[in-house]
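The exercises below concern charged side-chain pairs and helix packing, and each task is followed by a solution that goes step by step. Please work from the structure shown here before reading on.

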Amino acid sequence: MREIQFRDAVKEAMTEEMRRDETVFLMGEEVAEYNGAYKASQGMLDEFGPKRVIDTPIAELGFGGIGVGAAMNGCRPIIEFMTFNFSLVAIDQIINSAAKVMAMSAGQYSCPIVFRGPTGNAGQLGAQHSQNFENWYANTPGLKVVVPSNPYDVKGLLKSSIRDNDPVIFMESEQMYGDKGEVPEGEYLIPLGQAHVIQEGSDVTLVSFGKMIPRVVKPAVEQLQKEGISVELIDLRTVRPIDYATVVNSVKKTNRCVVVEEAWPLAAISSEISYHLQRNAFDYLDAPVIRVNSMDIPLHYAPTLIEATLPNVERTVKAVKEVLYRK
């Protein structure tokens with residue numbers, strides 16, 4: 001199987017869906033003439049022209065609203081935010097329009113739209129450009145929220161998201177666009193709402209999603225395996241809907257769980273997972289669930305403070321040993 005970059009998997013998914021369905025179009029800042037801020041739409045303007053690959057002003061509320069209106073009238077827009085930090089400017093259109101139009105129109109209108117772009121920190125970009133809003137959007141009925149962790153998943157999940165009849169928040173990572181992974185030549189889809197058990201284990205269940213999987217969780221698992229600890233690793237893939245059943249069934253086997261998430265700890269996806277485990281697997285737990293989140297502060301610019309604030313391998317290994325009562 002060939003290896004391609006994360007950004008190329010994004011481009012292939014969009015390109016294949018635009019070839020398949022003429023109602024699909026891409027709109028956002030620098031997506032056309034500049035080939036995308038992260039080169040995830042490179043060459044698409046040449047193939048599809050300026051009516052389907054559309055550069056916009058720096059006006060997220062405006063082009064977000066245009067996308068919602070287009071989706072209500074039969075199109076399937078892909079709206080790219082240069083970062084989901086900038087989606088806050090358009091959040092009224094996302095939450096009060098896209099997410100609610102099906103319910104408020106009594107089913108007369110759907111809103112098949114994908115809002116996509118990078119989430120989380122991307123190095124020394126400061127507090128306003130380093131935030132995770134997966135749990136914010138997942139808190140909104142009517143939205144689906146997808147956070148892929150590798151090139152294979154990003155292509156299959158993005159194609160499914162574009163075909164979905166509900167609005168989808170598709171959150172990538174700026175630090176992952178250059179990551180390489182195996183992606184098949186032929187078409188494939190990955191259903192939304194199904195977690196992926198990356199590897200099976202017997203001692204502890206480790207749950208995460210997105211960038212944390214390759215950057216933190218997998219290196220931690222490798223270290224734990226060297227110490228004889230068997231980890232069952234679950235990639236949620238989507239955080240709305242969450243595949244609770246896969247997590248609960250895993251914990252019924254391992255009896256312990258650690259959840260790793262880049263977002264702040266209050267009302268996070270990890271909080272939701274922890275609640276469902278105590279509600280549906282309480283009698284199987286041999287230790288309290290432990291969460292590894294970012295510290296509850298804005299992410300500062302200094303690299304030493306970034307390192308101290310974000311989840312890392314050391315904190316993840318320590319959490320796993322704690323649920324196993326190993327010092």
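**Exercise 1.** Classify the mutual orientation of H9 and H10, and describe their contact.

*Solution.* H9 and H10 are oblique to each other, a class that takes the angles left over once those under 35 degrees are called roughly parallel, those over 145 roughly antiparallel and those from 65 to 115 roughly perpendicular. The class follows from an angle of about 55° between helix H9 (residues 244–254) and H10, whose axes are 10 Å apart; axes are lines fitted to C-alpha atoms over the stretch in contact, and angles run from 0 to 180 degrees between N-to-C directions. Helices here are DSSP runs (H or I, at least four residues), as strands are (E, at least two), numbered from the N terminus.

Next, list the contact, meaning heavy atoms within 4.5 Å: Tyr-244, Val-247, Val-248, Val-251 and Lys-252 in H9 meet Glu-272, Ile-273, His-276, Leu-277 and Asn-280 in H10. These residues divide into 6 nonpolar, 2 polar and 2 charged, where Ala, Val, Leu, Ile, Met, Phe, Trp, Tyr, Cys and Pro count as nonpolar, Asp, Glu, Lys and Arg as charged, and the others, Gly among them, as polar.

Before going on, note that this is a predicted model, in which local features need pLDDT of at least 70 and side-chain atom pairs count only at pLDDT 80 or more, while totals for chains, interfaces and linings use all residues. Residues are numbered from 1 along each chain as its sequence is written, and side-chain values use heavy atoms, with hydrogens and water left out.

**Exercise 2.** Which parts does the salt bridge of Glu-12 and Lys-155 tie together?

*Solution.* Start from the criterion, a side-chain nitrogen of Lys or Arg within 4 Å of a carboxyl oxygen of Asp or Glu; the structure holds 21 such salt bridges. Glu-12 and Lys-155 meet at 2.9 Å, N to O. Because Glu-12 lies in helix H1 (residues 6–20) and Lys-155 in helix H7 (residues 151–163), the pair ties together parts that are 143 residues apart in sequence. Lys-155 is buried, with a relative accessible area of 0%, buried meaning under 20%, exposed over 50% and partly exposed in between (1.4 Å probe, protein chains only).

**Exercise 3.** Is Glu-262, the partner of Lys-211, buried or exposed?

*Solution.* Glu-262 forms a salt bridge with Lys-211, with the closest N and O atoms 3.2 Å apart. Both Glu-262 and Lys-211 are buried.
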